[in-house]
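Me: I am new to this structure and would like a close look at one part of it. Please start with the whole, then go to the residue Tyr and its surroundings that you find best described.

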Amino acid sequence: MSTTVESSTDDTQPAPWWSDAIFYQVYPRSFADANGDGVGDLQGVQDKLGYLELLGVSALWLSPVMRSPMADHGYDVSDPRDIDPLFGDLETMDALIDAAHDRQIKVTMDLVPNHTSVEHEWFQAALRSSPGSPERNRYIFRDGRGESGSEPPNNWPSVFGGPAWTRITEPDGQPGQWYLHIFAKEQPDLNWENQEVADDLTKTLRFWLDRGVDGFRIDVAHGMAKPDGLPDHDWKSNKLLQNTDDDPRFDNPAVHGIHRGIRKVLDEYPGTIAVGEIWVRDNKRFGDYIRPDELHLGFNFRLAEAEFSADEVRAAIENSLDAVDQVGGTATWTLSNHDVDREVTRYGGGEIGTARARAMTLVELALPGAVFLYNGAELGLPNVELPDSALQDPVWERSGHTERGRDGCRVPIPWEGTEPPFGFTAGESTWLPMPDEWAALTAEVQLEDVDSVLSLYRAALELRSFRPEFSGPGIDWYGSPSGCFAFRRDGGLICALNASEEPIPLPPGEVLLNSAPLVDGQLPPNAAAWLI
């Protein structure tokens, strides 16, 4: 079977840089702390650029660093055209961009157009203003239902738990209208039917592009637009932090006009890109987001959701390629991010989880398209079981302490030394506690170990960057034993995965790299190999 992704670019033109880029997601709070306050910052990122160059990444994706009261760790933005003092200032950001560019590393940053912070000057003005005012029309305010408007305007829940509506107190001191917040109550949704909202986003895009930013990751790219009338919905199958394709809060048709507006601005800055966070299952609807006049790339999470089985992983790959094939787009691959449990933990934890994560690293990096690596994946970090007292994710409180949230995959990176904070900070504590057992997983230890997860990543990224066998947009599947698969890239690279319980013979060819030592020339269980 052959699965091919056609290029949407002119064959006479070189492929755009992002079409096979390695994006490295920096979660700034957890990457490196330069000022000793226990929270990572932009200077810390700049200080580690040498490490990232050595690793072999093409671009950074910075999770939110804009000014924010941090109700949702930066995804509640109070000023989209400034840097939060927690991370530095505009001068620090400018210096990071310049230093990264000096090392031929692009810089992309998170953009949050679905909502603002309650501390944004617009929302504060809305609270001071009357119902129906221009200030309120920037957001989604509605009168309540029931006697005296005491019930929410509809039955929508928040993604984080609880209702998606909060009632305000009017300037005269009386209970008043309700505002919509698909996420936390500190994150009021913007009204994207208001042209002023679109104009302000354009201003923000130009502000950062003029400073040298190479593009944006669009948070909740399937959000923003809302259905007419905000109708009630049957939420029987609703789960926290998830949505289905019939969810009226997301994937409404008007969102595509918003993305065309974003693309129009980016096209004025050659080489810049927009990557969308798109939680849409239907491939046709997913592909609509990456049509030639919308987003350049769309996050496809199928690989991160797949269990460690040959059938599931192959199905995820085929599905992801099909989604972009329909519109001539570029596939994207990721195994984890700041919202998803780390792959070592998902695949079983301990030695078996690490072995499977190593194998999936070779599978992911063998595929055509762009790859997104979450900071710490290259160290083989697992999730951390944190004490209740340490949890900071708003999901923990909003769910009534029934959902622990995402903090376990956001623990700071261990760099060096034998005890916490492992060189992450010169301070005594870190914003989330680091486990003692990470002493064996520091970057320092792994750089000296040729068999470490970090060494595997470095070798794989180097081979991927220059070997011609990684070329071409298509893959062909080989016949394989049960519990296994093998595919061949157009350029000649063969990737084999053994997710069974017994060693298997390798396909014909010269072994280029393997995630675990061969056993009598065979590929052991929970392992992958590259051949040419």
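Reply: The model is predicted, and the protein in it has 15 helices and 19 strands. Its radius of gyration is 23 Å, close to the 24 Å that the globule rule gives for 532 residues, so the protein is as compact as a globular protein of that length. Along the principal axes, the C-alpha atoms fill a box of roughly 80 × 50 × 45 Å. Of the 532 residues, 58% count as buried. Among contacts with a separation of 6 or more, 66% are between residues 24 or more positions apart. The protein exposes about 20,800 Å², and carbon and sulfur atoms supply 47% of that area. There are 43 positive and 87 negative side chains, and the centres of these two sets lie 5 Å apart.

The close look is at Tyr289. This residue sits in the loop between helix H8 (283-288) and strand E12 (297-299). Tyr289 has a relative accessible area of 0%, and because the cut-off for buried is under 20%, Tyr289 counts as buried. Leaving aside neighbours within four places in sequence, Tyr289 is in contact with Ala221, His222, Asp251, Val255, His256, His259, Ile278, Val280, Glu294 and Leu295. Val26 serves as a distant reference point: Tyr289 and Val26 are 263 residues apart in sequence and 24 Å apart in space, C-alpha to C-alpha.

One loop to look at next is the one between strand E10 (215-218) and helix H7 (255-266), where Val220 is placed. Val220 has a phi near 45°, a positive value in a residue other than glycine. Most residues other than glycine have a negative phi. At 3% relative accessibility, Val220 is buried.

Ser148 can be set beside Val220. Its phi is also positive, at about 60°, although Ser148 is not a glycine. Ser148 is found in the loop between strand E7 (141-142) and strand E8 (165-169). With 62% relative accessibility, Ser148 counts as exposed, whereas Val220 counts as buried.

Another backbone detail is the peptide bond from Pro420 to Pro421, which is cis with omega near 10°. Most peptide bonds are trans. Pro421 lies in the loop between helix H13 (394-398) and helix H14 (443-447).

A second buried residue for comparison with Tyr289 is Arg29, in helix H1 (residues 28-31). Arg29 has a relative accessible area of 8% and is buried. Beyond its neighbours within four places in sequence, Arg29 is in contact with Val39, Gly40, Met70, His73, Leu86, Phe87, Gln392, Phe424 and Trp431. Arg29 and Phe123 are 94 residues apart in sequence, with 26 Å between their C-alpha atoms.

Two helices complete the picture. Helix H10 (residues 310-325) has 16 residues, which should span 22 Å at 1.5 Å a residue, and its end C-alpha atoms are indeed 22 Å apart. The buried residues in H10 include Ala310, Val313, Ile317 and Leu321. Helix H15 (residues 453-466) has 14 residues and reaches 21 Å from its first C-alpha to its last, close to the 20 Å expected. Among the buried residues of H15 are Val453, Leu456, Tyr457, Leu461 and Arg464.

Technical notes:
Residues are numbered from 1 along each chain as its sequence is written. This is a predicted model: local features need pLDDT of at least 70, side-chain atom pairs count only at pLDDT 80 or more; totals for chains, interfaces and linings use all residues. Side-chain values use heavy atoms; hydrogens and water are left out. Helices (H or I, at least four residues) and strands (E, at least two) are DSSP runs, numbered from the N terminus. The radius of gyration is taken over C-alpha atoms; the globule rule is 2.2 Å times the number of residues to the power 0.38. Buried means under 20% relative accessible area, exposed over 50%, partly exposed in between (1.4 Å probe, protein chains only). Contact means heavy atoms within 4.5 Å. Accessible areas come from the Shrake-Rupley method with a 1.4 Å probe; for residues, only the protein chains shown count as cover. Lys and Arg count as positive and Asp and Glu as negative; His and the chain ends are not counted. The place of a charge is taken as NZ of Lys, CZ of Arg, CG of Asp or CD of Glu. The expected span of a helix is 1.5 Å times one less than its number of residues.
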